[in-house]
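Work through the exercises below with the sequence and the model open. Each task is followed by a solution in steps.

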Amino acid sequence: MRRDFLKLCGLAGLGFACSGGLGGLLADDKKEQPPYDGPFYIVFNASGGWDTTYLMDPKGIEGINRLYQAGDILTQGNHKFAPTEKHKQGGLSNEEFYKEFGRELLVFNGLDYSVNNHSPGARYMATGKLDSLAYPTFAALVAACKGPTCPLSFLTFGNYSATGNVVAMSRVPYLPSLQRIANADAIDGNIRSPYHDDFALARIEQALTDQRDSRSSQPKLPRQERAESMLYAAQVNSKAMARITPFIPKENPKERLAQQAEIALASFKAGVCVSANLSIGQFDSHANNDPDQMKLIPEFLAGIAYTLHRAEQLQIREKLVVIIQSEMGRTPTYNNGNGKDHWSIGSIMFIGPGIKGDRVLGATDEKQFGVPFDPQSLAIDKEKGIKVRPEHVHEALRQFAGIADHPHAKKFPLSVAEKEQFKSFWG
């Protein structure tokens, strides 16, 4: 039974990890760990490079876009955004998104990605480190710092997902997979068809525990110790995973982000997950930029809204920190195929507890270049300001999450000078 559970974990790309390694599992209490109670972190990735002029950084001048003029730009509180209601192909328009979430939304414009290639850009945005393949993503790092023993501590659905070997990466591609994993002691995850009755399962678990205790002081080969540790991990975590079952929806949503969100949110609610990396692709609009972006940006916003609404239903909305990003922007000019190519200036957005909304920081000029920014006053300063790069954002995220001084974070320094660190960025 446990062997089948571990085999299923392997097929689904699941892993179990703890800060002390596998040996640490044997030193833990026999009882399962209490549920992780938040905060929870979701990173939304618009993979391929979004056109920020059709979202949070509108430009209605000099042919930068072809769907609206400067006089058509809309506002909601302190936010300015492109009008998309008439141009969207399904999903959620900017008008709808900002009307509902503008008061909670923090936007930073003029982020300097420094590169305009997908792989290094995605790595840089995910980790805050451009010149290393060893650094973990923020989602992985915060999971390792806050909930390393959670069975699904770091969930990822694509995009750059390096862990830096500080936490296990978990992949659960479909809700039926989550159902089977959550009920590993039942046939095909059907709780009405258990392999064993409760009393028999309890005796099996007691026998396994007694066997582990009797052998704990005996010398073992590394392979044997690892096998016993993994068996114990399966024993402990299968009970924790069962807590997910009540929060798995009966019907699987059709939308890409909604499917990913349901898996992540059910895992959050059950207290077995700290962070999730969500992603949809096809934003790389080298041809026919406008129709492609008007299909994908509304889909992306609809997925974010779905996640926030569902989190509200599950009563974890007030614990959910949301980061919304892409690895690059699109050029301010069109190519011969009516598309836009890679651009190394873009934007990032945040929603969550402790984040003051209805704010827009940073800016781009009329040619869509980033404007220097003063990290101390949070104001535009063309003379003494700096180019804000992903490491500045990640340093702020680490401070916000309270993990900047954690040993895992110190293992992966971002080397942002104190004078360049944001002050009161989160409000």
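A residue counts as buried under 20% relative accessible area, as exposed over 50%, and as partly exposed in between. The model used here is predicted.

**Exercise 1. Classify Gln 315 by accessibility, place it in the chain, and state what is notable about its phi.**

Step 1. The relative accessible area of Gln 315 is 59%. The cut-off for exposed is over 50%, so Gln 315 is exposed.

Step 2. Gln 315 sits in the loop between H10 and S8.

Step 3. Its phi is near 60°, which is positive although the residue is not glycine. Most residues other than glycine have a negative phi, and most peptide bonds are trans.

**Exercise 2. Find where Ser 424 lies and decide whether it is buried or exposed.**

Step 1. Ser 424 belongs to the segment after helix H12 (407-411).

Step 2. With 60% relative accessibility, Ser 424 is exposed.

Step 3. Phi of Ser 424 is also positive, near 60°, in a residue other than glycine.

**Exercise 3. Identify the two residues joined by a cis peptide bond with omega of about 5°.**

Step 1. The bond joins Gly 38 and Pro 39.

Step 2. Pro 39 is part of the loop between H2 and S1. Asp 37 is in the loop between helix H2 (23-27) and strand S1 (40-46), and it returns in the next exercise.

**Exercise 4. Describe the salt bridges made by Asp 37, Arg 317 and Arg 389, with the accessibility of each partner.**

Step 1. The rule asks for a side-chain nitrogen of Lys or Arg within 4 Å of a carboxyl oxygen of Asp or Glu. The count by this rule is 11 salt bridges.

Step 2. Asp 37 pairs with Lys 319, and their closest N and O atoms are 2.8 Å apart. The partners come from distant parts of the chain, 282 residues apart, with Lys 319 in the loop between helix H10 (289-313) and strand S8 (320-325). Asp 37 is exposed at 51% relative accessible area, while Lys 319 is partly exposed at 23%.

Step 3. Arg 317 forms a salt bridge with Glu 104, with 2.9 Å between the closest N and O atoms. This pair too links distant parts of the chain, 213 residues apart: Arg 317 is in the loop between H10 and S8, and Glu 104 in the loop between helix H3 (94-101) and strand S4 (106-112). Arg 317 is buried at 13% relative accessibility, whereas Glu 104 is partly exposed at 27%.

Step 4. Arg 389 and Glu 391 meet at 2.9 Å, N to O. Arg 389 is partly exposed, at 26%, and Glu 391 is buried, at 12%.

Step 5. Glu 85, Lys 88 and Glu 96 form one network through salt bridges that share partners.

**Exercise 5. Name the residues with the most contacts inside the largest nonpolar core, and the element that gives the most to this core.**

Step 1. For the chain overall, 55% of the 427 residues count as buried.

Step 2. The largest nonpolar core holds 105 residues, and those with the most contacts inside it are Ile 244, Phe 268, Phe 300, Phe 350 and Phe 425. H10 gives the most to this core, with nine residues.

Step 3. Take Phe 350 as an example. Residues up to four places away in sequence left out, its contacts include Leu 105, Val 322, Ile 323, Leu 397, Phe 425 and Trp 426. Glu 104, the salt-bridge partner of Arg 317, also touches Phe 350.

**Exercise 6. Locate Thr 137 and relate it to the largest cavity.**

Step 1. Thr 137 is in the loop between helix H4 (118-127) and helix H5 (138-146). Its relative accessible area of 3% makes it buried.

Step 2. Apart from neighbours within four places in sequence, Thr 137 contacts Ala 126, Thr 127, Phe 154, Tyr 160, Ser 161 and Ala 162.

Step 3. There are two cavities of 30 Å³ or more, and the largest contains about 90 Å³ of space.

Step 4. Thr 137 lines the largest cavity, and so do Ala 126 and Tyr 160. Other lining residues include Val 43, Asn 277, Gln 325 and His 394.

Step 5. H4, H5, S8 and helix H11 (390-401) each supply at least two residues of this lining.

How values were computed:
Residues are numbered from 1 along each chain as its sequence is written. This is a predicted model: local features need pLDDT of at least 70, side-chain atom pairs count only at pLDDT 80 or more; totals for chains, interfaces and linings use all residues. Side-chain values use heavy atoms; hydrogens and water are left out. Helices (H or I, at least four residues) and strands (E, at least two) are DSSP runs, numbered from the N terminus. Buried means under 20% relative accessible area, exposed over 50%, partly exposed in between (1.4 Å probe, protein chains only). A nonpolar core is a set of buried Ala, Val, Leu, Ile, Met, Phe, Trp, Tyr and Cys residues joined through side-chain atoms within 4.5 Å. Contact means heavy atoms within 4.5 Å. On a 1 Å grid over the protein atoms alone, a cavity is a set of points where a 1.4 Å probe fits but cannot get out, and a pocket is an open set with protein on both sides within 12 Å along at least five of seven lines; lining residues have an atom within 4 Å of a point. Grid points are joined across faces, edges and corners, and a volume is the space filled by probe spheres set on the points.
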